[in-house]
Amino acid sequence: MSRKVIAELENISKYYYIGKNIVVKALEDISLKIYSRDILIIMGPSGSGKSTLMNILGTLDRPSKGRIIIEGTDVTDLSEKELYKFRLKNIGFVFQFFNLIGTLTALENVMLPMILLGNLDEETARIKASELLKIVGMSDKLNSRPSQLSGGQQQRVAIARAIANDPPLVLMDEPTGNVDMASEAVILKLIKILNKYLGITFVIVTHNPEVSLIGTRMISIRSGRLFESDKVPTIDLEKALDERKILELQLEFFEREIVSLKKLLGKGLITFDDYKAELSKIRERLEMIKGALGELK
Amino acid sequence: MNLLFLKFSLKMALRNMAIHRLRTLLTILAVTWSVATLVALRTVGIGMRSVISQQIGEFLQADIIIAEDTIVIPQHVAEDIKKIPHVKEAVGAILIPAKIERYKGTYLFSIPIDKIDFFKITLLEKDKNFSSNDVSEIIIDYEVAEEIGKKKIGSTLTLVISFGTVYMEDRFRIVNMMTKKSFLSGMLGTSFSLVPLGRIQEILGKKDFINYIFIRLDDKKYLNDVVKELRKLYPGINILKQTDIIKIADRILSTVDGTLMMITIIGLMVAALGVTNTVMMSIRERIREIGVLKAIGANDKQILQIFLNEILILGIMGGILGDITGYFGSYFLRNMIKRFGVMFDVPIRLYPQVLVLGFIIAVSVAVLSAFYPVYRAIRIRPIEALKYE
Ligand SMILES: Nc1ncnc2c1ncn2[C@@H]1O[C@H](COP(=O)(O)OP(=O)(O)OP(=O)(O)O)[C@@H](O)[C@H]1O
Ligand SMILES: [Mg+2]
């Protein structure tokens, strides 16, 4: 079976020159083919060069040596101006620290890449953005600002934003590094769905072995050199996390939601009416989950 | 042009400014203040200049003035000058300082009573003149009358004249009042009072002598010819042309303008620093966002747009508010200057060129002072911006 190569790194090296004679070899002669529909997991100790590799792959940084071809385009020597446009269409980013635009609502954050590209009218962009937010389970928070969302919620919005312009490739640097376990489960499931149904290729840097479970292929980097892990985990998320476990995680998640909701009310960030409305929604879901758990027993 | 992004970036700018309300407000205030000073000072300045020539001409009604410090000009010289071609009228007078009610300074304008029309003075009671050339009668400013508490025509006041070796106190009867405060009285910070020439000559013991001659021509274009003729007839004479007086007044105003301009420039510098600081803070807080925007695929122009919106809003708001405040402030400024007693009534008008200047300066100050921080923000590389804590 020969699959389409979506991105190719050819003999990439990245050196940082600090001081007069000190050279940090962040990456050393890395060659890598990323296939379409892969979920490629990159693991490795801190300082091994994972983020450096991701930045080069995402055209945010240039290699000291070697070439990069993405979607058939050699991006190595593209100008900054050409790269902006290239990223807008071809690459989605999800960072460890959510990095939503604070002055924009969830909906507007997802609309932003479409508006930067400028190929859709406002209404179409709005509809598409709310569809995407529905997919990531955030349809009830369209008009919330990032500061009003939990870490996990922000990350889901960030994922919706990353796929706004239908890029073939999405890069995630520690996407679950700052979210709780329940949100992590939701996000991992989401990645799996987007990969399966929308055919998006993911490259995910992680320290978390649980995250690596969703990967279709795994590589590790040590001191700037790449090692292919021949043991490719092909574990189905549904099986890896059994139904009971998922339900329990969700239960935990919603209970935390209630706590954070109370905090928001206490700080005066939401009105009492909003609080009551949210609470009844969550209670409803809690009842459903408890019911489902009861049936399992 | 991506209009949709323009709309989006405007939203971002407005919300950011709303989040940092106080900072935004203070910056706009700084710009407003500096533009307002500029507009007010210019408005009053232009107003002052525009009335100067008009007022000088109106008050003096003379194209040429012969002026001596001491009373040495024989009175018949005025009649002789009248015979020079193109001289329409020549009025001899004595101008000396005096004190009303022993404390209120005034300039006594002593003129032949039949020549009172020459000066086109606005009187409270029309055509009410001195009864004769030798009586102790006086016409004072209406404001002065109010000040000394003798409001009525017909009442008397004490006039003190101390000139050279002469000292005299006498009661003078108020026969009329001048209703319009004149430019010169404003300039000199003192009032003018009219008295009959004969009575003053008597008091000073200078019968048939004067120290001023006011000359009006039938056509201003002969001004230089007449002056030449006067110099020939009376060598060493002290001649003032109306245009000279206007020039002197203009020179005084220019010095005042220069000083006031310094205040304006200092204000503008403060405003510029305010804008720089605000923009720098706004950028520093959002360096990570700049990184995210660049990573997503926003180009330099789009990043510039976001910050430019904020800067333009600061500049435009400051400009508009500054124009409005400055215009109304010019009334305040005028009254303030008036209270110092050295200025005449300045007409305040809306000068479009001043408002446009104020607005342009506000926007330019905002854009120029934000230029460097924004330039640096745009040049920052996405990976560095993303690392920024
Ligand atoms: N701008 C830079 N200047 C100098 N050295 C750098 C720079 N950026 C990264 N490095 C070095 O390159 C190496 C790889 O860094 P990188 O950030 O890629 O590591 P990482 O694998 O992502 O680590 P972590 O898991 O902690 O995020 C490190 O030794 C780091 O110190
Ligand atoms: Mg890293």
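This is a short tour of a predicted model, with suggestions for what to select at each stop.

Before you start, note that residues are numbered from 1 along each chain as its sequence is written, while chains are lettered from A and ligands numbered from 1 in the order in which they are written. Because this is a predicted model, local features need pLDDT of at least 70, side-chain atom pairs count only at pLDDT 80 or more, and totals for chains, interfaces and linings use all residues; side-chain values use heavy atoms, with hydrogens and water left out.

**Stop one: the ligand**

Select ligand 1, which you will find between chains A and B. Now show its surroundings: 13 residues are around ligand 1, and Ser46(A), Gly47(A), Lys50(A), Ser51(A) and Thr52(A) come nearest. Here a residue counts as near if one of its heavy atoms lies within 4 Å of the molecule or strand in question.

Next, look for polar contacts (pairs of N or O atoms within 3.5 Å; within protein, one must be able to donate a hydrogen and the other to accept it, and residues adjacent in sequence count only if both atoms are side-chain atoms). From Tyr16(A), a polar side-chain atom lies 3.5 Å from a nitrogen atom of ligand 1. Gly47(A) places a backbone N or O atom 2.8 Å from an oxygen atom of the ligand, and Ser48(A) has a backbone N or O atom 3.2 Å from an oxygen atom of the ligand. On its own, ligand 1 has 640 Å² of accessible area, and the protein covers 65% of that. Such areas come from the Shrake-Rupley method with a 1.4 Å probe; for residues, only the protein chains shown count as cover.

**Stop two: aromatic rings**

Rings of Phe, Tyr and Trp (its six-membered ring) pair if their centres lie within 6.5 Å; planes under 30 degrees apart count as stacked, over 60 as edge-to-face and the rest as tilted. By this rule there are nine aromatic pairs over all chains. Select Phe93(A) and Phe95(A) to see a stacked pair, 5.7 Å centre to centre with 0 degrees between the planes. Phe93(A) is buried, at 10% relative accessible area, and Phe95(A) is buried too, at 12%. (Buried means under 20% relative accessible area, exposed over 50%, and partly exposed in between, with a 1.4 Å probe and protein chains only.)

Then jump to Tyr327(B) and Tyr331(B): their ring centres are 5.7 Å apart and their planes are at 85 degrees, so this pair is edge-to-face. These two tyrosines are four residues apart in helix H10 of chain B, so about one helical turn separates them. Helices (H or I, at least four residues) and strands (E, at least two) are DSSP runs, numbered from the N terminus.

For a group of rings, select Tyr107(B), Phe109(B), Phe192(B), Tyr212(B) and Phe214(B), which ring pairs link into a cluster.

**Stop three: unusual backbone angles**

Most residues other than glycine have a negative phi. Select Asp29(A), in strand S2 (residues 22-35) of chain A: this residue is not a glycine, yet has a positive phi of about 50 degrees. His86(B) also has a positive phi, of about 75 degrees, without being a glycine. You will find His86(B) in the loop between helix H3 (76-81) and strand S3 (87-100) of chain B.

**Last stop: a meeting across the sequence**

Which residue is 6.1 Å from Thr70(B) in space, C-alpha to C-alpha? It is Asn211(B), although the two are 141 residues apart in sequence.
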